[in-house]
Each structure stands twice: as structure tokens, then as C-alpha cells.
Amino acid sequence: MADKPRVFSGIQPTGRKTLGNYSGGFRQYVQTQDAGDAFFCIVDLHSITVEYDPADLRSSTLDLAATLFATGLDAERSTVFCQSHVTAHAEAAWLLSAVASYGQLGRMTQFKEKSDRHDFVSAGLFTYPVLMAGDILLYQTDLVPIGDDQRQHLELARDIAERFNFRYGETFRVPDGQFPSVGGRIMDLQDPTSKMSTTLSSEQGAIYMNDPPDAIRKKFKSAVTDSGREVRYDPAEKPGVSNLLEIMSVATGEPIDALAKRFASAGYGDLKEAVGESVVELLTPIQERFKQLRADERALQHLLAMGAEKARRASEPTLEQMYERMGFAKPEAGRHFGAARPRGL
Ligand code: AMP
Ligand code: TRP
């Protein structure tokens, strides 16, 4: 292993990003960029697997790039890039589909949930985890910072790596997931037994990264709490209050125990108000940085172009090895891996 672990994660550009994404995603990305040689990918190819508006994809890609930098990623230390700019990702997905099993893909919870909800179920929704496995494996990744909902997909990526290594010879490093100890699964404020989600939560149930301060305060005020009046961390018995304590811990960095003690003799109303304030304090500076960064599209595109160049160089050797191990004839003049394409974003 190289001295620094290779870190890789991906996040979809479509859908409004929530406080859940902050907790399981953005926050962890920033923590891991110092621990390793880090790659963060805006996974636009994943976004087309459910209904989306092509007219919005470009701007939501730039929104997400700005959010990644606003939450603390540093283009000098981390490679931030767009999946569709590095053709190796689409190629790896096809090659790996030969070692991904149909049965296992059908057992993915996310596929089952999403396919139940849509009339049109795309083939891409089914093979989505294979594309994700390729994202990770192309970079010989050691660590994948993700939220709890991606556990099963990471397990699948590990299986795919092991099966490929077994069939074709040692090619991939088998990655580990990195899950936050607190805030790996932020729950919906109106229904604390379901995940806070871009697609499933109601407007009142989710805090969005771009919610104005008053909306944030209001949403916390009307958050569903539990019966009884005691403030205590106990997700099974008290999902609502526990979620609030967890959110406040994510926002302030204070341990849950300390917060539970502090609010033990307070009422639910005080807790809700304090959590709301802590989230306003967390998100306000991020929103300000976002505004500045988002205003300069050329600068964002330039950063993404630099990122794509680094990502191409980093993924090329593994993709080349995959073709070779799988027995493909080499093209005589060499393969041209994702040369810079003369188009805008
Ligand atoms: P997505 O927006 O689906 O691409 O997700 C990006 C990241 O956010 C992934 O690592 C997810 O695991 C994480 N994530 C999404 N929702 C939540 C949540 N409610 N709590 C914690 N992490 C989450
Ligand atoms: N499937 C992930 C999600 O919805 C996004 C993703 C795509 C990803 N490729 C990845 C996450 C590679 C980690 C590593 O959250």
C-alpha cells in the first residue's frame, strides 16, 4: 500500500442535497482529504438512471461542484471531477458487468425501493451498483467515505473486486467503507423512522443545504418528537429526540453524551430551538461560500477540468490492466483513454 491511503467517494448531482448528505457525505469528504490521496467524483452518469431533466443537469453539476468546495474540499489537496469527463468509468462498468451477478443486483435494497416507486424502471437503475463498483475499483481505492445507506453497494463492489481478482488474476485492491460513528443515517424530521432523503422526504421533513435560516428554524420547531418528556439518546425508543441529538452533534462536533446531559432537564422545545440554531450556524457560512463560488462558472469548470485530467491519469493503468487480463486484443496504435474532449461541461 502507498504511504497514504487512496480515498474515493461519489455523489449524485441531481436532487437537492440535504443535511443527511452533509453528514454522511460532505463532512466525511473533508475529514478524509487530509488522511489520504483523495478523489471525489460528481457521478452524473448515475443521475440518468431515474427520471431527470436534461436541461437541469449541467447547472446541478456546477451547483454540486460549488457545494463540494464550499463545504471545505481544497482543489490542491483533493481531486474533484465529473464522472462523465473520464470515459474509463463507463468502460469499467461494462467490463465489470461480466462479473456482477444478476441475482445479487436484484437483491439491492435501493433497487427494490426505487423500482417499486417508478412505472418505468430503467436497465441503468438495475446496473447502477456496477457503475459504482467501477468508480471505486478504477482508483485502487483503500477507503470509501459514505453514509449507511451505501453499505450494501460497497459490499457488492468488494465482491466484484474479489470475483474479478479470482477469475482474471489479482487486479483490484478490495476497498473498505468509512462510515461516520455519529450521523451515518440522519432521519426525516417528520418521520424519524425513515431516512432524510432528497426523493422521499417531504419539504418539512428534510433540511436542504440551501434552506434559509428561518426555514431551518421552523422545520426544527415542527420536528416530530416522541412521547414522554425526557431528553435521552435511545434511537429505538426515542427516534425523534435521538435524531435531534445526533444532528446537533454533527453540527457542533460535541459528543452526543454531553449534549444529552446538557438537555436532560430541558424540554423538547428548548432542544429543538438549540438544534435549529446549531444547524443555522453550520450552514450559513457554507451558503455564503457557495454563492461566491457558484458565481464564477469558468473557475468551477477550470477546477473540474484539472480534476478530470488527474482522474484520467490515475484510472488509466487499472483500466488498461482490466482489458489485458480479460484477454482483449490490444489496438495496434494503443488505446486512447478519454482524451480531453472539446466540449463544454
Ligand atoms: P447521494 O446524494 O445519494 O449521491 O448521496 C451522497 C452521500 O450522502 C452518500 O454517501 C450517502 O450515503 C449520504 N447520505 C444520503 N442521505 C443520508 C442520510 N440521511 N444520512 C447520512 N448520510 C446520507
Ligand atoms: N451510489 C452513491 C449514492 O447514491 C453515489 C456513488 C456513485 C458513490 N459512485 C460512488 C459513492 C463511488 C461512493 C463511491 O450515494
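## Ligand 2 and its shell

Tyr128 places a polar side-chain atom 2.8 Å from a nitrogen atom of ligand 2. In this predicted model, two further side chains make comparable approaches to nitrogen in the ligand: an N or O atom in the side chain of Asp135 is 2.7 Å from a nitrogen atom of ligand 2, and a polar side-chain atom of Gln150 lies 3.1 Å from a nitrogen atom of ligand 2. Ligand 2 taken alone exposes 370 Å², of which the protein buries 90%.

The shell around ligand 2 consists of 13 residues, with Gly10, Tyr128, Met132, Asp135 and Gln150 the closest. By class, these residues comprise 7 nonpolar, 5 polar and 1 charged. Strand β1 (6-11) and helix α7 (123-137) each contribute at least two residues to the shell, and α7 gives the most, with 4 residues.

## Ligand 1 and its shell

Around ligand 1, backbone atoms provide several polar contacts. A backbone N or O atom of Gln12 is 2.9 Å from an oxygen atom of ligand 1, and a polar backbone atom of Gly147 also lies 2.9 Å from an oxygen atom of ligand 1. At Ile186, a backbone N or O atom is 2.9 Å from a nitrogen atom of ligand 1. Ligand 1 taken alone exposes 490 Å², and the protein buries 91% of that.

There are 16 residues around ligand 1, and the nearest are Gln12, Lys17, Gly147, Asp149 and Ile186. The shell divides into 4 nonpolar, 8 polar and 4 charged residues. Helix α1 gives the most to this shell, with 3 residues.

## Gln33 in helix α1

Gln33 belongs to helix α1. Its relative accessibility is 3%, and Gln33 therefore counts as buried. The side chain of Gln33 is joined to that of Ser78 by a polar contact of 2.6 Å.

When residues up to four places away in sequence are not counted, Gln33 touches Ala38, Phe40, Gly72, Leu73, Asp74, Arg77 and Ser78. Ser78 is thus both a contact of Gln33 and its polar partner.

## Leu96 in helix α4

Leu96 lies in helix α4 (residues 88-96). Leu96 counts as buried because its relative accessibility is 0%. Neighbours within four places in sequence aside, Leu96 is in contact with Val130, Ala133, Gly134, Leu137, Ile160, Phe164, Phe172 and Met322.

Leu96 and Ala157 are 61 residues apart in sequence, and their C-alpha atoms are 9.8 Å apart in space.

## The two faces of helix α9

Helix α9 (residues 213-221) has three buried residues: Ile216, Lys219 and Phe220. They lie on the same side of α9, because they cover an arc of only 95° around the axis. An α-helix has 3.6 residues a turn, so residues three or four places apart point the same way.

The cover over the buried residues of α9 includes α1 (19-33), α10 (239-252) and α12 (268-295). Which exposed residues does the face of α9 turned away from its buried side carry? They are Asp214, Lys218 and Lys221. Lysine thus appears on both faces of the helix, with Lys219 among the buried residues and Lys218 and Lys221 among the exposed ones.

Key:
Residues numbered from 1 in each chain as written. Chains lettered and ligands numbered in written order. Predicted model: local features only at pLDDT ≥ 70, side-chain atom pairs only at ≥ 80, totals over all residues. Heavy atoms only, no water. Near = heavy atom within 4 Å. Polar contact = N/O pair within 3.5 Å; in protein donor to acceptor, adjacent residues only side chain to side chain. Areas by Shrake-Rupley, 256 points an atom, 1.4 Å probe, with all protein chains shown as cover. Nonpolar A, V, L, I, M, F, W, Y, C, P; charged D, E, K, R; others polar. Buried < 20%, exposed > 50% of the residue type's maximum accessible area, 1.4 Å probe, protein only. Arc of directions from axis to C-beta. Contact = heavy atoms within 4.5 Å.
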